[in-house]
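User: I would like to go through this model by asking how each label was earned, setting values against definitions as we go.

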Amino acid sequence: MNIKALKNVFTSSHHSRSSTPMSSPKHSGSSHHSRPSTPIGSPLRTFSSALMEDNISSAESIINKWDVDSPSVSYTKVTSLFYQDDDRSEALRFINTVKDLQRSMHFFISDRSSPDSHSLIVTAQKLMESAMKRLQKEFHQILSVNRDRLDPESVSARSSLTSFSSLDDLQSDFGDEIEGSDDEIRPGGDSMTESPVPIQAESDLRSIAKCMISAGYGKECTKIYRILRRSIVDESLYRLGIERLTASQVHKMDCDLLEIRVRSWIPASKTALRTLFRAERILCDRVFADAPESVRESCFAAVSGEPATAMFSFAESVATSKFKKSPEKMFRFLDMYESISDHWEDIQSTFSYESSSAVRSQATSALLKLAEAIRSSLSELESAIQKDTSKSTVPGGGLHPLTSYVMNYLAFLADYSRSLGDILADYPIQVRAPLPESVLHSATSSPTNGCDENLSMRVAWIILVLLCKLDGKAVIYKDVALSYVFLANNLNYVVGKVKGTNLKEMLGNEWVTNHEGKVRQYAANYERVGWSKVVSSMPTPLDGGDRTVEEVGKVFRRFNEAFEEAYMMHATWVIPDGRMRDEIKVSISRKVVPMYRKWYEAYRGRVAGVVRFAPEDLGNRLSDLFYGTDFSGSGSVSVSGHLKGSRSSR
C-alpha cells in the first residue's frame, strides 16, 4: 500500500469529524507527549491499539534521532545510519522500526474504534516521511561511497550470472533478511564472499529498497538508483573508448579518425558485454530482489538500455558508412561482427527483459549490416582482382604484388572461418564470365575439419580468379622461359601460403596436391624451354672416333655460347623460394653437367684451346642462378608485396 497516498484520505476524514482538530505533532523526541490519550482502562483502548500506539511512540525517538531536517540534530546529518558499528544493529533497528510503524498505520486505518486514530495516523505519516528522507539519503550515500567497489568490474568478478528468471534463485543467492533480530544482515551464497564490503553494501541497498518500496516510496528509491548507476555506466563506456555518436556523425567522420574509433570499439564492446552490462544486471536484480520484476526491469532498462543500444548502433553506422569502400576494412567488420556474435548468449540473457528488446533488436540489426558489409567487401576483392589492368612485368619473373596481397588477405580471412561460414551461407558465387569446364574444376575443394563447404568454394574461387589473372600477366613476358618462372614463382607462393595457414583446412589436401603438381609442371616447362639450346648443343650418343677436331671444336664453341647466354640471362631471374630454387638448379645440373663431363673427358686434349669450362665450373655457375644478380651493375632485384598488418595488430 502507498503510505503517502493515505495522507489526503486521512486529512479529509479529519475535516468531516465534529471534534476539535488536533495540532500536528512536531519532529522531536517529545512530540508524542502532545497527543491526547485515552486511559488504559477505557474500553476503547484495546490491547492491540495500545501496542500499535506504543509502536508509534517508540518510532518517534528512533526516527527523530536520524531526522535529516531536524535543526537540533547535527551529528546524524554528517554520518551514516548504516556505518555506525560493525554489526549493523542501529540500521536493523531503524528498518524494523519503519516496518512496525507501517503496521501501526495499517492498524489504525482499518480500526477507527480509538478516538485518537486520526491523530495517530497523521503522526505516523510524518514520522514515515522523515524515515523515508533518511533512507533516501542512506541509499544515495551507499551507492556513492561504494562507487568504486560497486563498479561493474568488481561486481562481475565476484558474481556468476546463471539465471535471471527466478526471484527465488536471486533471493537464495543474496540471502533473506532476518526480521526482528539484531544479527548482521548478510547475503547467502559463496560466489560473493571474497569482498565483504561490497557484499554488505549490496545487502544494505536491498534492505533499504525493500523498505522504501513497501512503504510506497519506490519511485524515489529507483530514481536515485537510476541516476547514479547510469552515470557509472556512461563513465565506464567513455573510459573504455566508446563514445555516443549518431549515424550522421559516423558517416561524416574522416576515415582515419573512424579507424581509431573502431579499433577502440572492438575490445571495449567485448568488455562492456562480458563485464559492464552483465554486472549491472546482476547488481540491479540483487538490490531489487524483493521488488516486483517490473521494478527490476525498468531500473535495468533505464541504466543500461540506451547506452547498449547506442553501442550497437555505432557498429551498424560503421557498416553503412564510407568506411566499407576499402576491402582491407573487412577485417574491422569481422572483428566487430565477432565482438557481437561471440557474446550473443550474454546479450540474450543480460537483456532478456521485454523492456530491453530494443537492445536485442539493435544488436541483431548491427550483425545483419556488418554481414552485408563483409559480403560486399569480399565481392569488392574479387572485382578488384578481375579489374587489375597493370601491364608492367615483375623484374626477374618474381612474385607479383597482386599475388602476395590477395593470398595474405585470404590467409587472414581464414582466421575468421567460423564467422564467415555463417555470413556467406546461402550466398552463392557469382561467375562473371564463362570459363572452360577444366578451369571451373580447379576451383573445387574438399575442406577438412568441418570447414564450411560454401566458404571453401568461395576461397577456392577467388584463388582461381587470381591464377587466371596471373596467366594473363605471364603472357606479357617476351621470353617464354621467364613466363614459366613467373608462373612457377607465383603459384608456389599461393600453395605455400595455403599450406602454412588455415587455408589448408578450407581447401583440403587434394587441392594442395593438384596445385603442387602444377608448380612442378611450370618448373619443368621452364627447364625445357630455357635450357633446350644448351642441352642440344652437345649431341648424344658420344662417339669420339668418328668426329674430327673441327667438329668437336664446333660443339664446344656452341656449348660455350649457349651456356654463357643462358647463365647471364637466368642469373638475373628470381626464384624467392629457396627450396624450389635449389630443386630447379639441381635438375638443370643433372641435365647439363654429366653430358658435358663426358665430352670434356673425351676431347679436352684434342681441343684444349676451345674448352672454356671444367665440369666443376658449370656447377659453380649454376649455383649462382635465380638470385636476381644484375651484371650491368645495378645490383640485385628485390620484389615484394604484402598486405600490411595481422589479426593481432588489427
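User: Why is Ser-392 called exposed or buried, whichever label applies?

Analyst: Ser-392 has a relative accessible area of 52%, and a residue counts as buried under 20%, exposed over 50% and partly exposed in between, with a 1.4 Å probe and protein chains only; Ser-392 is therefore exposed. Ser-392 lies in the loop between α15 (357–387) and α16 (401–414), where helices (H or I, at least four residues) and strands (E, at least two) are DSSP runs numbered from the N terminus. Its C-alpha atom is 9.4 Å from that of Tyr-477, a residue 85 positions away in sequence.

User: What kind of model is this, and what conditions apply to its values?

Analyst: This is a predicted model, in which local features need pLDDT of at least 70 and side-chain atom pairs count only at pLDDT 80 or more, while totals for chains, interfaces and linings use all residues. Residues are numbered from 1 along each chain as its sequence is written, and side-chain values use heavy atoms, with hydrogens and water left out.

User: What makes up the protein as a whole?

Analyst: The protein has 25 helices and two strands, and buried residues account for 50% of its 650 residues. Taking contact as heavy atoms within 4.5 Å, residues 24 or more positions apart provide 81% of the contacts with a separation of 6 or more.

User: Why is Cys-284 counted as buried or exposed, and what is it in contact with?

Analyst: The relative accessible area of Cys-284 is 1%, so this residue is buried. Cys-284 lies in helix α11 (residues 255–287), and, leaving aside neighbours within four places in sequence, it is in contact with Tyr-225, Arg-296, Cys-299 and Phe-300. The C-alpha atoms of Cys-284 and Phe-300 are 6.2 Å apart, although 16 residues separate them along the chain.

User: How do you know that Arg-281 lies over the face of Phe-300?

Analyst: The rule asks that NZ of Lys or CZ of Arg be within 6 Å of the ring centre and within 35 degrees of the ring normal; Arg-281 lies over the face of Phe-300 at 5.8 Å from the ring centre. By that rule the charged end of Arg-621 also sits over a ring, that of Tyr-567, at 4.9 Å from its centre.

User: What makes the pair of Phe-563 and Tyr-567 stacked, edge-to-face or tilted?

Analyst: Rings of Phe, Tyr and Trp (its six-membered ring) pair if their centres lie within 6.5 Å, and planes under 30 degrees apart count as stacked, over 60 as edge-to-face and the rest as tilted. By this rule the count comes to 21 aromatic pairs. Phe-563 and Tyr-567 form one that is stacked, with 6.5 Å centre to centre and 5 degrees between the planes. Both lie in helix α23 (residues 549–570), four residues apart, about one turn of the helix. Phe-563, at 0% relative accessibility, counts as buried, and Tyr-567, at 7%, is buried too.

User: Which label fits the pair of Trp-599 and Tyr-603?

Analyst: Trp-599 and Tyr-603 form a tilted pair, with 5.1 Å centre to centre and 40 degrees between the planes. Because they are four residues apart in helix α24 (residues 578–603), about one helical turn separates them, and both are buried. One aromatic cluster includes Phe-563, Tyr-567, Trp-599 and Tyr-603, with Trp-531 and Phe-613 also among its members.

User: Why is Asp-617 given its exposure label?

Analyst: Asp-617 has a relative accessible area of 33%, which lies between the two cut-offs, so Asp-617 is partly exposed. Its place is in helix α25 (residues 615–623), and its C-alpha atom is 9.6 Å from that of Val-593, 24 residues away in sequence.

User: What makes the backbone of Phe-626 worth noting, and why is this residue called buried or exposed?

Analyst: Phe-626 has a positive phi of about 70 degrees although it is not a glycine. The residue is found in the loop between α25 and β1 (629–630), and its relative accessibility of 1% is the reason why Phe-626 counts as buried.
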